[in-house]
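Trainee: I have a structure open and some time to go through it. Can you walk me through the main features?

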Amino acid sequence: MKHPFRTLTAVGLSVLLLTGIVLVSSGFLRTSSAAAPTEAAVQPQTRAAEPAIHSAYVQGENGFFHPDRPITRAQMAQMLYNLGFSAPGEASFADVDPTQWYGPAVTQLSAVLTGYDDGTFRPDAVATLAELVAVLCRTLETDVPAASDDAWYAPYWAAAEANGWLPDAASREDAPATRATAVAVVNRALGRTPDRDAVDALEGVFFVDVRPDHWAYADILEAAVEHRCGDDGSWLPDSWTLTPLTEGVYIDDGVGYYVEASGSLYQTPGILEWNGGSYLVADETGLIWADNAIHPYGNTLVCCAGNGRLLQNNSFQGFYFDEAGFYTSGSDEIDGYVAEILAQSTDASMTQLEKLRAVFDLVRGYGYLGRNATVYDAVMSPEQASAYAAKIFETGKGDCYNFTAAFYYLARALGYDATAVVGTCQYSWSNRAISHAWVEIPMDGVMYLFDPQIENYNLRRGISNEVEGAFRVTYETAHASYYPN
């Protein structure tokens with residue numbers, strides 16, 4: 001592979017006063033013209049007696065900045081092009097369509113960009129910090145040490161370190177150049193030092209995923225707020241405008257946040273009611289799930305739709321959610337038993353698997369009593385499961401059907417896609433298979449079996465559950481032979 005960027009030699013390079021790198025769906029603004037800026041418009045930025053204008057060159061999308069999202073090689077080229085850099089050459093790339101949003105940028109910078117041995121540029125490949133540093137050195141014509149036998153980027157990295165371009169987050173040369181790191185490095189390379197006092201004086205939320213305590217907060221606002229600076233780099237009073245986010249839930253990429261009418265970010269975990277909808281605020285960061293998935297909430301479950309709202313009076317992947325958005329088995333009696341058991345046997349410090357083990361152990365501790373009539377169905381019907389579970393929850397005793405139904409409901413209340421399977425089983429209790437029931441739960445592409453009644457049998461017969469347990473075993477590794485109906 002060739003170096004990602006060609007050394008700049010005898011290239012007439014012009015620098016425009018930060019015309020803007022506006023982040024849109026492609027990552028950066030698509031310019032309307034590929035023409036190079038005129039000489040009069042491209043004088044280098046300096047701290048002159050006249051106030052320096054720092055244009056806003058980044059912005060968010062849907063209220064988000066996505067500070068940890070990597071930029072691509074195409075966005076790298078577009079960033080330079082939007083900054084006014086121009087170094088057209090003769091190179092062309094097999095995978096660069098001139099009509100694409102980044103086409104003019106790559107064409108106009110082809111003298112400082114290079115591709116790979118197969119003639120491609122790979123515009124969608126992630127740009128590394130080394131590439132970002134190298135291209136800035138070349139476009140700014142920064143003095144770099146002589147090349148050595150070290151990695152191709154070593155001279156550029158050394159120059160960037162010597163010039164103070166690298167924030168603490170830029171620790172690895174081969175790491176992706178994230179949006180936050182890219183802004184911080186570009187600001188330093190162009191001499192744009194954030195005025196922390198001015199930034200801290202800004203009121204309101206500007207990006208829901210970048211807080212004042214984020215390491216790049218000041219750099220991001222330095223790049224996002226157009227302002228004028230005095231000789232010492234401080235923002236001049238009344239020289240900037242930036243509109244805070246208005247009240248609402250802001251959703252992007254499966255998560256959301258709520259900005260209150262006061263302009264503050266809502267950060268209280270629990271159920272948020274807003275504008276006729278219910279939302280799950282997951283933690284103290286204010287994160288709202290909007291991922292079309294089921295999430296634990298206390299001793300129940302909720303389903304967060306793509307717009308962040310809780311699913312209500314509807315089902316998702318076999319789980320039904322009531323008018324409040326909480327999971328229900330369909331039986332108030334069973335829901336009451338399940339909620340009480342979960343409250344007594346689990347707590348928030350436990351993982352979901354630890355909670356599953358806890359309720360499994362609780363069920364295996366019930367008493368064994370007689371045998372129910374044989375069930376010939378492949379799985380328990382809701383009516384069968386509800387009746388079997390209610391009996392053992394109420395009396396503390398039952399047979400394999402009761403044990404299975406109880407654990408089935410507890411597992412589903414924890415969010416597991418459990419099935420109450422019916423069939424026959426051969427174990428140490430008999431030399432032939434007899435009617436039996438157990439629970440199946442798929443995990444990470446593997447179907448596991450859970451049989452609390454066998455572990456109950458082991459406890460009563462002095463068989464070690466450490467050796468012959470039936471928690472999270474497969475059909476192949478189980479100590480009993482299972483035959484589903």
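Mentor: We will go from the whole chain to helices, strands and a single residue. Keep in mind that this is a predicted model.

Trainee: Fine. How many helices and strands does the protein chain have?

Mentor: The protein chain has 13 helices and 19 strands.

Trainee: And what share of the residues is buried?

Mentor: Of the 485 residues in the protein chain, 51% are buried. The accessible surface comes to about 22000 Å². Carbon and sulfur atoms account for 49% of that surface.

Trainee: What about contacts along the sequence? What percentage join residues at least 24 apart?

Mentor: Take the contacts between residues at least 6 apart in sequence. Of these, 64% join residues at least 24 apart.

Trainee: On to helices. Which residues of α4 are buried?

Mentor: Helix α4 covers residues 154-162. Its buried residues are Pro-155, Tyr-156, Trp-157, Ala-159 and Ala-160.

Trainee: What do they pack against?

Mentor: The buried residues of α4 pack against α3, residues 129-139. Look just after α4 too: Gly-164 takes a positive phi of about 70° there.

Trainee: Now α3 and α5. At what angle do they pack?

Mentor: Helix α5 spans residues 179-189. It packs with α3 at an angle of about 20°, and the axes are 11 Å apart. The two helices therefore count as roughly parallel, since the cut-off for that is under 35 degrees.

Trainee: Is the crossing left-handed or right-handed?

Mentor: The crossing of α3 and α5 is right-handed.

Trainee: Which side chains should I pick out at that contact?

Mentor: On the α3 side, select Leu-129, Leu-132 and Leu-136. They meet Thr-181, Ala-182, Val-185, Val-186 and Ala-189 in α5.

Trainee: Switching to strands. How many bridges join β8 to β9?

Mentor: Five bridges join them, and the strands run antiparallel. β8 is residues 293-297, and β9 is residues 300-304. One bridge pair is Pro-296 with Leu-301 in β9.

Trainee: What sits between β8 and β9?

Mentor: Two residues, so to speak the turn of a hairpin. Gly-298 in that turn has a positive phi of about 60°.

Trainee: How many residues of β9 are buried?

Mentor: Five of its five residues are buried. Thr-300, Val-302 and Cys-304 point one way from the strand. Leu-301 and Cys-303 point the other way. Both sets are buried.

Trainee: There is also a sheet with β10 in it. What is the strand order?

Mentor: The order is β10-β11-β12. It is an open sheet of three strands with antiparallel pairing.

Trainee: Which are the edge strands?

Mentor: β10 (314-316) and β12 (327-328) are the edges. Each pairs on one side only.

Trainee: How many bridges link β10 and β11?

Mentor: Three bridges, in the antiparallel sense. β11 is residues 319-321. Phe-316 has Phe-319 in β11 as its bridge partner.

Trainee: Last one. Where is Thr-107 found?

Mentor: Thr-107 is in helix α2, residues 103-108.

Trainee: Why does Thr-107 count as partly exposed?

Mentor: Because its relative accessible area is 43%, and partly exposed lies between the 20% and 50% cut-offs.

Trainee: What does Thr-107 contact?

Mentor: Leave aside neighbours within four places in sequence, and Thr-107 is in contact with Pro-88 and Gly-89. Pro-88 is 19 residues away along the chain. The C-alpha atoms of Thr-107 and Pro-88 are separated by 6.3 Å.

How values were computed
Residues numbered from 1 in each chain as written. Predicted model: local features only at pLDDT ≥ 70, side-chain atom pairs only at ≥ 80, totals over all residues. Heavy atoms only, no water. Pairing = 2+ DSSP bridges. Helix = DSSP H or I, 4+ residues; strand = E, 2+ residues; numbered from the N terminus. Buried < 20%, exposed > 50% of the residue type's maximum accessible area, 1.4 Å probe, protein only. Contact = heavy atoms within 4.5 Å. Areas by Shrake-Rupley, 256 points an atom, 1.4 Å probe, with all protein chains shown as cover. Axes fitted to C-alpha atoms, helices over the stretch in contact; angles between N-to-C directions. Parallel < 35°, antiparallel > 145°, perpendicular 65-115°, else oblique. Left-handed = near helix turned anticlockwise from the far one by under 90°.
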